[in-house]
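Trainee: Before we go through this model, could you show me how each descriptive term is earned, so that I can follow the reasoning from value to conclusion?

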Amino acid sequence: MKSLLLSGFMLLAAGFALASSAAQAQDLKPLNPDTETDRIDWSQLATRLGPLPKPAAGTRVGAVSKTLTNEYWRLLGEGYQSLGKTLGVKVAYQAAQNEGDQVGQLSIAETMIAQGVNLLLVSPQTNANLEPILGEAKQAGIPVVNVNDAVIPLAPHYVGNVQRDNGVRVARWFVANRPDGGKLAVIEGQAGVYAATQRTAGFKATIAAEGGKFKVVASVPGNWDRQLSYDAATTILQQHPDLVGFYCNNDTMALGVVEAVKNAGLLGKVAVFGTDGITDAHASIRAGELTGTVDSFPVLTGEVALEAALRVLAKEPVPRVVATPQALITRDNIERYKGKGAHLRAVLEEDVRSGK
């Protein structure tokens, strides 16, 4: 019954989304943040658009996340709150109970619109579940900014990293560090979510370009869940004990895979990579367990997203996509990226200048 109700809700939501977004459809093509040409790098916001205008007194921002059970989203909220406090902007940050609570997340976003926030930042559960709010927010005169990692197709603005590049960076590590090639496996995120699809596609395409040296022998969903990923990895290692590595679409899943690798007695032989750069991932890298993560610097991403959104609110010509920073973190370079605030910004700006 629950699944039938959810299916019915999603059909209703999709129909309403099409109707409410019809006016925007003439002006906006379906968004692909990785290929959108109307884009700007996070490091160029001030140089291209000038200083951030002072927000009007009493500006209220609503921010809706996927869940607070994953540290990445808690850190993103920390970024919102940090910049909001500096600017004197009140940020209300709420999230769904878990990464599958699509109805709950939509309800939170609709409540914020009804409460009359001046600005809305959303990180959707899927590409579809928050689409109905576009029409509601537009009617209320509230700008909406899509912040990582699922993508509302007609979102007017998106702030986040180049999702495909996450997988590409990990694949390049295998090419450089496993010259003899070998068997690889992918633990995917939630089916139908833009970030999961793109991360996996970037990894597989880069591996495939090596002319058969590597073979992806398994690519299965972990649904962002640690236990499911542990179970999947355990099965894969039983079937392919000669596996050389895993790529996981987020760190929560990667940490589950690390446990499976340890239990199989293959630590140090099977490389495991995640995505996001959460604290536990960094600790695991330092301990010599997790091989690496593509850090998306969630606190800085939150700050950049709020800055971009406030510029949209000020009617500045903000490009449709603002690309945020990322870096492949391993034991070889983890010390370089351990700072915070201005120090980390300086390091990442140096990466931009050097083309990393």
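Mentor: Let us begin with the sheet of this predicted model: 7 strands form an open sheet, in the order 1-12-6-5-4-2-3, with parallel pairing.

Trainee: What makes strand 1 and strand 3 the edge strands?

Mentor: Strand 1 (39-41) and strand 3 (90-95) each pair on one side only, and they are the edge strands. Averaged over the sheet, and with direction ignored, neighbouring strands are turned by 20 degrees against each other.

Trainee: How do you know that strand 6 and strand 12 pair?

Mentor: A pair requires at least two bridges, and strand 6 (residues 158-160) and strand 12 (residues 321-323) are joined in the parallel sense over 3 bridges, so the requirement is met. Within this pairing, Tyr158 has Val321 in strand 12 as its bridge partner.

Trainee: Which strands does helix 4 lie across?

Mentor: Helix 4 (residues 71-87) lies across strand 2 (60-65), strand 3, strand 4 (119-122) and strand 5 (144-147), and it runs at about 170 degrees to strand 3. Helix 5 (residues 102-114) lies across strand 2, strand 3 and strand 4, at about 175 degrees to strand 2.

Trainee: Turning to the rings, why is the pair of Trp173 and Phe174 called edge-to-face?

Mentor: The structure holds 8 aromatic pairs, and in this one the rings of Trp173 and Phe174 are 5.2 Å apart centre to centre, with 90 degrees between the planes. Centres must lie within 6.5 Å and planes over 60 degrees apart count as edge-to-face, so both conditions are satisfied. Trp173 and Phe174 are both buried.

Trainee: What does the pair of Phe174 and Phe273 tie together?

Mentor: Phe174 and Phe273 are also edge-to-face, at 5.7 Å centre to centre and 70 degrees between the planes. Phe174 lies in helix 7 (residues 163-177) and Phe273 in strand 10 (residues 271-276), so this pair ties together parts that are 99 residues apart in sequence. Phe273 is buried, as is Phe174, and Trp173, Phe174, Phe203, Tyr247 and Phe273 form one aromatic cluster.

Trainee: How do helix 7 and helix 8 pack?

Mentor: Helix 7 and helix 8 (residues 194-208) pack at an angle of about 30 degrees, with their axes 6 Å apart, and their crossing is right-handed. Among the residues that meet there are Phe174 in helix 7 and Phe203 in helix 8.

Trainee: Finally, how do you know that Arg336 lies over the face of Tyr337?

Mentor: The distance from Arg336 to the ring centre of Tyr337 is 5.5 Å, and the cut-off is within 6 Å, together with a limit of 35 degrees from the ring normal. Arg336 is accordingly listed over the face of Tyr337.

Note on methods: Residues numbered from 1 in each chain as written. Predicted model: local features only at pLDDT ≥ 70, side-chain atom pairs only at ≥ 80, totals over all residues. Heavy atoms only, no water. Phe/Tyr/Trp six-rings, centres within 6.5 Å; stacked < 30°, edge-to-face > 60°. Buried < 20%, exposed > 50% of the residue type's maximum accessible area, 1.4 Å probe, protein only. Helix = DSSP H or I, 4+ residues; strand = E, 2+ residues; numbered from the N terminus. Axes fitted to C-alpha atoms, helices over the stretch in contact; angles between N-to-C directions. Contact = heavy atoms within 4.5 Å. Left-handed = near helix turned anticlockwise from the far one by under 90°.
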